[in-house]
Amino acid sequence: MNFETIPHPSPTPADEREAAIADPGFGKVFTDHMVTIDYDEDKGGWHNARIGPREPIALDPAASVLHYAQEIFEGMKAYKHPDGSLALFRPEANARRFNESARRMAMPEIPEDLFLDAVKLAVKTDADWMPPVEGGSLYIRPFMFASEAFLGVRPAKQYKFVVILVSSGNYFKGGVNPVKIWVSQDYVRAAPGGTGAAKTGGNYAASLVPQAEAIEHGCDQVVFLDAVEKKWIEELGGMNLFFVRKDGSVITPPLTGTILPGITRDSLIAMLTEEGLEVREEPYSIAQWREEAESGELLETLACGTAAVVTPVGTVASPAGEFTIGTGGIDQMAQKMREKLTGVQNGAVEDRHGWVVRV
């Protein structure tokens, strides 16, 4: 599909752009352009692909997304390599997961090639927004929502696919430091048969109250337990977890439909296995977490995701008290996996898996 180019009438002046990306933080410094593609069931599907100025989207008050929440998104990054080129990390996995989310939310799938073309075009167009900071990247947010105007509980017939970019530094304030997490007692993120495995906004909306509770208790993130027994670890509000044990094994909660299948998670499984560790996808309880941390059997807990990459969990808190994992600092495996993964992404470490795609 060919993309129509809509000229930007007033792109950000170079000096203003450079000032904005000098210390961008995360999620606040948006680039000049966006890609949009429309879907209409009555017009044969996807059409009207274009790239133009980033601008507000006009929506009818009866747009389906506003009433029935048909919305999905992805999170991915573009990285700058030593030779000055830009690269994506496993973008085809994002395209596949996007369509898996679409199927669960009764939305149309977008051809993977079209998804990738849209992402690459957005990155090429706003390459000058790459921040010159350590750990800097262009965070890419492809998303799709139901735009048809109607009131009635059925899948919409019209949708809009959009790609926007954000100049980004580190996800956590203060750089990479061990995080303190709160064990949610009264809230769950997802239930069996629900939308937990889809990357849809409702899952994140459900995490906001418990996340606020975590912050009230001096924590950075909230960890959710399963909805049935309230004893099994699932994931953080936006990251998967790994438990590194003294016996050379690593446990990560299994994908049973209530946990988002993280691309960083999948990459870490491969990398940890390469280190000679036995990685097992099996249930891990909150009681086991505390017991193994206190006995020394658990060496480290790693939180991982596209935005935060690999971040160590230092302390776990709940109404029952706190416990510390390992030294409570940035331990060996967390540091090693973070350096190895970011090295592959940034072109400093050999890509043995074919994960890196040049833009």
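Modeller: In this predicted model, helices (H or I, at least four residues) and strands (E, at least two) are DSSP runs, numbered from the N terminus.

Colleague: Which element gives the largest share of the lining of the largest cavity?

Modeller: Searching the whole structure yields 1 cavity of 30 Å³ or more, and 13 residues line the largest cavity. Two or more lining residues come from each of β6 (76–80), α7 and α9. The largest share is 3 residues, and the element that supplies them is β6.

Colleague: Which residues lie nearest the centre of that largest cavity, and what is its volume?

Modeller: Nearest the centre are Tyr 79, Phe 89, Thr 264, Thr 306 and Gln 345. By class, the lining comprises 6 nonpolar, 6 polar and 1 charged residues. The volume of this largest cavity is about 100 Å³.

Colleague: Are α7 and α9 roughly parallel or roughly perpendicular?

Modeller: Helix α7 spans residues 263–274 and helix α9 residues 332–346, and their axes come within 11 Å and cross at roughly 110 degrees. Angles of 65 to 115 degrees count as roughly perpendicular. The orientation of α7 to α9 is therefore roughly perpendicular.

Colleague: Is the crossing left-handed or right-handed, and how many residues of the contact are nonpolar, polar and charged?

Modeller: Where α7 passes α9, the crossing is right-handed. From α7, the contact draws on Thr 264, Ser 267, Leu 268, Met 271, Leu 272 and Glu 274, while α9 contributes Met 333, Met 337, Lys 340 and Leu 341. By class, the residues of this contact are 6 nonpolar, 2 polar and 2 charged.

Conventions:
Residues numbered from 1 in each chain as written. Predicted model: local features only at pLDDT ≥ 70, side-chain atom pairs only at ≥ 80, totals over all residues. Heavy atoms only, no water. Axes fitted to C-alpha atoms, helices over the stretch in contact; angles between N-to-C directions. Parallel < 35°, antiparallel > 145°, perpendicular 65-115°, else oblique. Left-handed = near helix turned anticlockwise from the far one by under 90°. Contact = heavy atoms within 4.5 Å. Nonpolar A, V, L, I, M, F, W, Y, C, P; charged D, E, K, R; others polar. 1 Å grid on protein atoms, 1.4 Å probe; cavity = no way out; pocket = protein on both sides within 12 Å on 5 of 7 lines; lining within 4 Å. Points joined across faces, edges and corners; volume = space filled by probe spheres on them.
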